[in-house]
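Grab a coffee and open the structure in your viewer. Below are some exercises to work through at your own pace, each with a solution you can check yourself against.

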Amino acid sequence: MTEQPIPAGAPHPYPGKLIIVEGIDGSGKSTQLLLLNKWLEAKGHKVFFTEWNSSELVKDTTKKGKKNKSLTPTTFSLLHATDFASRLYHDILPPLKAGMIVLADRYMYTAFARDVVRGVSPDWVRKLYSFAIKPDMAFYFKVPIEVAISRLLGGTRGQFKYYEAGMDMNLSQDLTESFRIFQSRILAQYDKIVDEFQLITMDATKDIAAQQETMRKLVDEALKDYKPRRGTHGRRTLFWRRFDVPKSE
Ligand SMILES: Nc1ncnc2c1ncn2[C@@H]1O[C@H](COP(=O)(O)OP(=O)(O)OP(=O)(O)O)[C@@H](O)[C@H]1O
Ligand SMILES: [Mg+2]
């Protein structure tokens, strides 16, 4: 596949739609995106889902670096960017070109928030992701840190993990306290990012159903001009039908 960069900030030229969610850990973005996915599929749309840090190419290396705690802010940032580049070209662009709706759980804004808190330059990380395309809709789930903590500790995931709590930054020896400081700094970065990239702010303290209703209304509105392309399968059927020999002959 040829990799033709689109000018940063410009709308992408593909027939599909890219919808992304952002927010700190525990803000409820995966919960909302999953519900949106089910709703879109029920409406008959073809949907492709992709999430941060999940490419086969990079996954094992990141895992290894996390395990032996050898990741520096720059290597962490570069690994995430590599993961993103791989998924952009293999998972995001092909379905968008085929006219599908792509849902992404976290996008480049996660790097702009987290990597900068880890000490990476804001300009450098924005340039690093300059190959990325602009999403059609970007939702930011805004939630106070204490709400996120109580949701996460009250859920099934148990204690925070080392990097998720920012323990590599020596903010506190206590996991929860480190998480609180680290994620509060990320929140402050997100506040800047929301203005800079015009993300849609969702009140993520509301209950799950209320947020989903708002999200669906906004997506419905944004999909008004969306005409899904017929897939290649449909075209192939038509092609062969043209050459069908009538049964009577
Ligand atoms: N609006 C809500 N009210 C109460 N609890 C919620 C709400 N939304 C999600 N939760 C619960 O909070 C927890 C975290 O939600 P979720 O996994 O969706 O967050 P997330 O933003 O995707 O977090 P992460 O970034 O760690 O993946 C889950 O147990 C979920 O059921
Ligand atoms: Mg999630």
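The exercises below deal with a predicted model, and each one goes from a task to a stepwise solution.

**Exercise 1. Get the overall layout**

Work out how many helices and strands the protein has, and in what pattern they follow one another along the sequence.

Solution.
- Step 1: Count the elements. You should end up with 9 helices and 5 strands.
- Step 2: Now walk along the sequence and write down each element as you meet it. The pattern reads β-α-β-α-α-β-α-α-β-α-α-β-α-α.
- Step 3: Check burial. The protein has 249 residues, and 33% of them count as buried.
- Step 4: Look at the contacts between residues at least 6 apart in sequence. Of these, 79% join residues at least 24 apart.

**Exercise 2. Map the shell around the ligand**

Find out which residues come nearest to ligand 1 and which helices each supply at least two residues of its shell.

Solution.
- Step 1: Collect the shell. There are 14 residues around ligand 1, and the nearest are Gly28, Ser30, Thr31, Arg151 and Gly155.
- Step 2: Assign shell residues to helices. At least two come from each of α1 (29-42), α6 (145-154) and α8 (208-222).
- Step 3: Ask who gives the most. That's α1, whose 3 residues are the largest share of the shell.
- Step 4: Sort the shell by class. You get 8 polar, 4 charged and 2 nonpolar residues.

**Exercise 3. Describe how α7 packs on two other helices**

Describe the crossings of α7 with α4 and with α6, then list the residues that meet in each.

Before you start, remember that two packed helices are described by the angle between their axes and by the distance between those axes.

Solution.
- Step 1: Take helix α4 (residues 108-117) and helix α7 (residues 175-197). Their axes come within 9 Å and cross at roughly 135 degrees.
- Step 2: Name the arrangement. An angle from 115 to 145 degrees falls in the oblique range, so α4 and α7 are oblique to each other. Their crossing is right-handed.
- Step 3: List who meets whom. On the α4 side you'll find Tyr109, Phe112, Ala113, Arg114, Val116 and Val117, and on the α7 side Phe182, Arg185, Ile186, Gln189, Tyr190, Ile193 and Phe197. By class, this contact has 10 nonpolar, 2 charged and 1 polar residues.
- Step 4: Turn to α6 and α7. Here the axes come within 10 Å, again with a crossing of roughly 135 degrees.
- Step 5: Apply the reasoning of step 2. α6 and α7 are therefore oblique to each other, and the crossing of this pair is right-handed.
- Step 6: List the residues once more. Ile145, Ala148 and Ile149 of α6 meet Thr176, Phe179, Arg180, Gln183, Ser184 and Leu187 of α7. This contact divides into 5 nonpolar, 3 polar and 1 charged residues.

**Exercise 4. See what covers α4**

Decide how many residues of α4 are buried, and say what covers them.

Solution.
- Step 1: Go through the helix residue by residue. Met108, Tyr109, Thr110, Ala111, Phe112, Ala113, Arg114, Asp115, Val116 and Val117 are buried.
- Step 2: Compare with the helix length. That's 10 of its 10 residues, so to speak a mostly covered helix.
- Step 3: Look for the cover. It includes β1 (17-22), α3, α5 (122-128) and α7.
- Step 4: Step past the end of the helix. Just after α4, Gly119 takes a positive phi of about 110 degrees.

**Exercise 5. Buried or exposed?**

Sort Ala104, Lys69 and Arg106 into buried or exposed. The cut-offs you need are 20 or more other C-beta atoms within 10 Å for buried, and 12 or fewer for exposed.

Solution.
- Step 1: Start with Ala104, in strand β3 (residues 101-105). Ala104 has 24 C-beta neighbours inside 10 Å, so it counts as buried.
- Step 2: See what Ala104 touches. Leaving out residues up to four places away in sequence, its contacts are Leu18, Ile20, Thr50 and Ile92.
- Step 3: Move to Lys69, in the loop between α2 (56-67) and α3 (73-97). Lys69 has 10 C-beta neighbours inside 10 Å and therefore counts as exposed.
- Step 4: Finish with Arg106, in the loop between β3 and α4. With 23 other C-beta atoms within 10 Å, Arg106 is buried.
- Step 5: Check the backbone of the two loop residues. Neither is a glycine, yet phi is positive, at about 50 degrees for Lys69 and about 80 degrees for Arg106.

Technical notes
Residues numbered from 1 in each chain as written. Chains lettered and ligands numbered in written order. Predicted model: local features only at pLDDT ≥ 70, side-chain atom pairs only at ≥ 80, totals over all residues. Near = placed C-beta within 6 Å. Helix = DSSP H or I, 4+ residues; strand = E, 2+ residues; numbered from the N terminus. Nonpolar A, V, L, I, M, F, W, Y, C, P; charged D, E, K, R; others polar. Contact = placed C-beta atoms within 7 Å. Axes fitted to C-alpha atoms, helices over the stretch in contact; angles between N-to-C directions. Parallel < 35°, antiparallel > 145°, perpendicular 65-115°, else oblique. Left-handed = near helix turned anticlockwise from the far one by under 90°.
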